[in-house]
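Q: Please take a close look at a single part of this model. Start from one pair of residues, work outwards to what surrounds them, and finish with the chains as wholes.

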Amino acid sequence: MQSIIEFLRPHALPLLYAVLIVAVLPLLAGYVVLLERKVMADMQARLGPMRVGPHGLLQPIADALKLLLKEDIIPERADKWIFWMAPLISVTAGLLAFAALPFGPGFLIADLNIGLLFIVAISSMGIFGIVLGGWASNSHYSLMGALRSAAQLVSYEVAGGMALVAGVLLAGTLSTREMVDAQAAQGVWFIFLCPVAFFIYLVASVAETNRAPFDMPEAESELVAGYMTEFSGFRWSLYFLAEYANMIVVAGIATTLFLGGGARPFGGVSWLRPLDFFPPLFFVGVAGFCFYRAPKQPVLVQKLVMAAFGGLFLLLALPLGVAATILPAWKAAVHGGFWFVAKVMLYIYVFLWIRFTFPRYRFDQLMHLGWFFLIPLSIVNVMSLGIGLVLHRQAGWSLPVALGLSTLATLVVALYLAHVGEQRAGISDTEVESEA
Amino acid sequence: MADTRSPAFTVEQTVLGADEIIINMGPQHPSTHGVLRVKLRLDGERVIGSECIIGYLHRGVEKIAEHRTYTQFAPYVDRMDYVAAVSNGLGYCETVEKLLGAEAPPRARVVRTILTELQRIASHLLWLGTHALDIGALTPIFYCLREREEILKIFEKYCGARLTTHAFRIGGLQYETYDGFEQETRRFCEDFRIKVDEYERLLTENRIWVGRTKGVGILTAQQAIDLGVTGPPLRACGVAWDIRKAMPYAAYDQYQFDIPTGKNGDTYDRYLVRMEELRQSIRICLQAIENIPSGPIMARIGKVLKPPPGEVYHSIEAPKGEIGYYIVSDGTTQPYRVRVRPPSFINLQAFDTMVRGHLVADVVAIIGTLDIVLGEVDR
């Protein structure tokens, strides 16, 4: 017994974090869904969920309960074992990727020296769940969704990977923790040093997580629900959880590599030091709003729920406030989590914004965009960035000048590629006409 | 190069030599606009053949007509194209009037014109929203429904019903316009003109939208005429055929308006044509509202309608195309036979021609661009 405890002692904190993530993530994913529905409603001139709890705050919990209690249907002709296993693969891959994401200076399960590679490798394993699920359903819609998904992921993984290489070149490490440190040391987030890489990663990550306008595999209006068509209840919710976990993972990668991880914005500017008080004050503000709205709710239960949410936010504000004032040593650790989650949410908000604004690409157009535009551009970007870095490190040019020039060169190539792509589209148009 | 679009073309071999897939799209599918069932033969994702299976909403409207009096049958036509009930009703009422040899008074004709044009706007709005939704733009439908609501409110105030209005009676109108009808319609039209520009800003030059609609579902003018296609799909091929101009009815001969036409006959042109039609409808409404003649709203045709024996065909330009009624009278109070020429049904014939050689994603775009209502297809 003693030896077991001795063995576990150094792993106690990571284990605690792991349990925390597995326990909290489904809830967080549920609230991301609520956020999505509220953002969508806001853009579409309506209110969104308002019935379950005040302002729909309990909707995710009600949805989760409903999904758990639903009848679990396995189609008769389905390949039962694979059907059973496929969602588990997806959700496991999605959750496993969190192991190497640094939520703050202290909050990191495994500080791997190949952290980024690990995340990318593991999260792309999730595709097996989608392909196998689509195959095992024994339905045409599912199969087509699964095949689309496989092709799409393979194509965009390349572009996204090359974009990450650009970030890695700047950081000089694959360890996620050291990336954040490198950005803090250089005093600038990498998004400003290689904006093109960030943009490519943004597009590729939308495609990788199968979100609109690249949601081919689900393509509600074409394939009903793609690979998820035959899934219901708990299995379906696992896929759903995997999708939202993946969203958080790609947002986490982008935050870590391009947006400075858990670092506060303007960390180096001394007169902006009071920004340290923003996190606790933000939560106090939210809590105040909840308390203000609580008596205005129509039903007693809703009043109580609103007040409880207010209390929760006050509770969250407490450690942030303590860290900001009394215990400066804890500040980085505690505030890191806040800023990290805030940046992740901002990134996800961009996802939602895109989703509700654009129509959906067609499959061949999506492939076209990937192979003829994003992949060449990402390769050119890595090369020109490399040249810029050589100029900076060997020839002694200043960093902004060297990287500014390399970005400009990349943008010129991007213009050229877009021009060529347009011409190609023009050619295919005339082909269509001559066929007709 | 083989002509992959002609209906007679059948593929024996797929590109990779693999089996072709047959999938059933519908009758329960998010974007078949009701209960259309399309059997698609696919080579991978490419469509090599299609068959529309209809009839899931068949109610025998034409047969019902033989057991109702002329007046009793009027509400039934509203249930065919239920998103453009006013237009259906206008076509039926005018056909029976023609059979009777009667004519609605001028005031009734102008009010009919205004309401029918409002209905055209409402129908096109629903088309725009659902079409955009099919192509993956989630947001426009809510804006479209918001504007459509204003029109439905005008209908509701006018006759008490919002969807299946039964707004007109044979011989004229049953109801006088309500107080403030003119002001409300004018305010709607003036606001709506800005709203159309807003929708166009969302979609017209959007790269994804253009990519999804340009060159998709091309129909040449000859093909369209051969297949009997009417309405915006015909005009998008460059044929300026609009019954409002060609054979004016109601009060259309009094107003200035243009017939928008396209060039390529693809989904994008059909979109542009319908957007321009929205503007033209506003133009007609604004002209009509300026000068509604006073006078009676009902012609003197008596309570019991007994048309002389004979037959008549009359058609009007509904939002979806030419809706025509062929009525045979045997001199009794009930029609001997009623046959409807529904635009949705006949436009749907072009589906196979348009869809061949395209991808699955284009199938929903083409169903959307045809603007069919299954209630009218199946009757």
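**A hairpin and its surroundings**

A: Asp43(B) has Arg46(B) in E3(B) as its bridge partner. This is a predicted model, in which local features need pLDDT of at least 70 and side-chain atom pairs count only at pLDDT 80 or more, while totals for chains, interfaces and linings use all residues. Residues are numbered from 1 along each chain as its sequence is written, and chains are lettered from A and ligands numbered from 1 in the order in which they are written. The names of elements follow DSSP runs numbered from the N terminus: helices are runs of H or I of at least four residues, and strands are runs of E of at least two.

The pair belongs to a hairpin formed by E2(B) and E3(B), with two residues between the strands. In the turn, Gly44(B) has a positive phi of about 65°. Strand E2 of chain B covers residues 37-43 and pairs with E3(B) in the antiparallel sense over seven bridges; two strands count as paired if DSSP finds at least two bridges between them. Arg37(B) stands opposite Ile53(B) in E3(B).

The hairpin is part of an open sheet of three strands in chain B, in the order E1-E2-E3, and the pairing is antiparallel. Strand E1 (21-25) and strand E3 (46-53) of chain B each have a single partner strand, so one side of each has no neighbour in the sheet. From one strand to the next the twist averages 20°.

What lies across these strands is helix H14(B), which crosses E1, E2 and E3 of chain B and runs at about 150° to E2(B). Angles here run from 0 to 180 degrees between N-to-C directions, and axes are lines fitted to C-alpha atoms, for helices over the stretch in contact.

H14(B), residues 360-370, also packs with helix H4(B), residues 106-135, at an angle of about 175° and with the axes 9 Å apart. That makes H4(B) roughly antiparallel to H14(B); the cut-offs are under 35 degrees for roughly parallel, over 145 for roughly antiparallel, 65 to 115 for roughly perpendicular, and oblique for the rest. On the H4(B) side the residues are Thr130(B), His131(B), Asp134(B) and Ile135(B), and they meet Val364(B), Ala365(B), Gly368(B) and Thr369(B) of H14(B). A contact means that the C-beta atoms of two residues, placed from the backbone, lie within 7 Å. By class, the residues of this contact are three nonpolar, four polar and one charged. Ala, Val, Leu, Ile, Met, Phe, Trp, Tyr, Cys and Pro count as nonpolar, Asp, Glu, Lys and Arg as charged, and the others, Gly among them, as polar.

Elsewhere in chain B, three strands form an open sheet in the order E6-E7-E8, with antiparallel pairing. Strand E6 (310-318) and strand E8 (335-341) of chain B stand at its edges, each with a single partner strand, so one side of each is left free of a neighbour in the sheet. The twist averages 15° from one strand to the next. Strand E7(B), residues 321-329, is joined to E8(B) by six bridges, and the two run antiparallel. Val328(B) stands opposite Arg337(B) in E8(B). Helix H3(B), residues 85-100, lies across E6 and E7 of chain B and runs at about 150° to E6(B).

As a whole, chain B has 15 helices and eight strands. Its radius of gyration is 21 Å, which agrees with the value near 21 Å for a compact globule of 379 residues; the radius is taken over C-alpha atoms, and the globule rule is 2.2 Å times the number of residues to the power 0.38. Along the principal axes, the C-alpha atoms of chain B fill a box of roughly 70 × 50 × 35 Å. Of the 379 residues in chain B, 53% are buried. Buried means that 20 or more other C-beta atoms lie within 10 Å of a residue's own, exposed means 12 or fewer, and partly exposed is in between, with C-beta atoms placed from the backbone. Among contacts in chain B between residues at least 6 apart in sequence, 70% join residues at least 24 apart.

Chain A comes to 16 helices and zero strands. Of its 436 residues, 44% count as buried.
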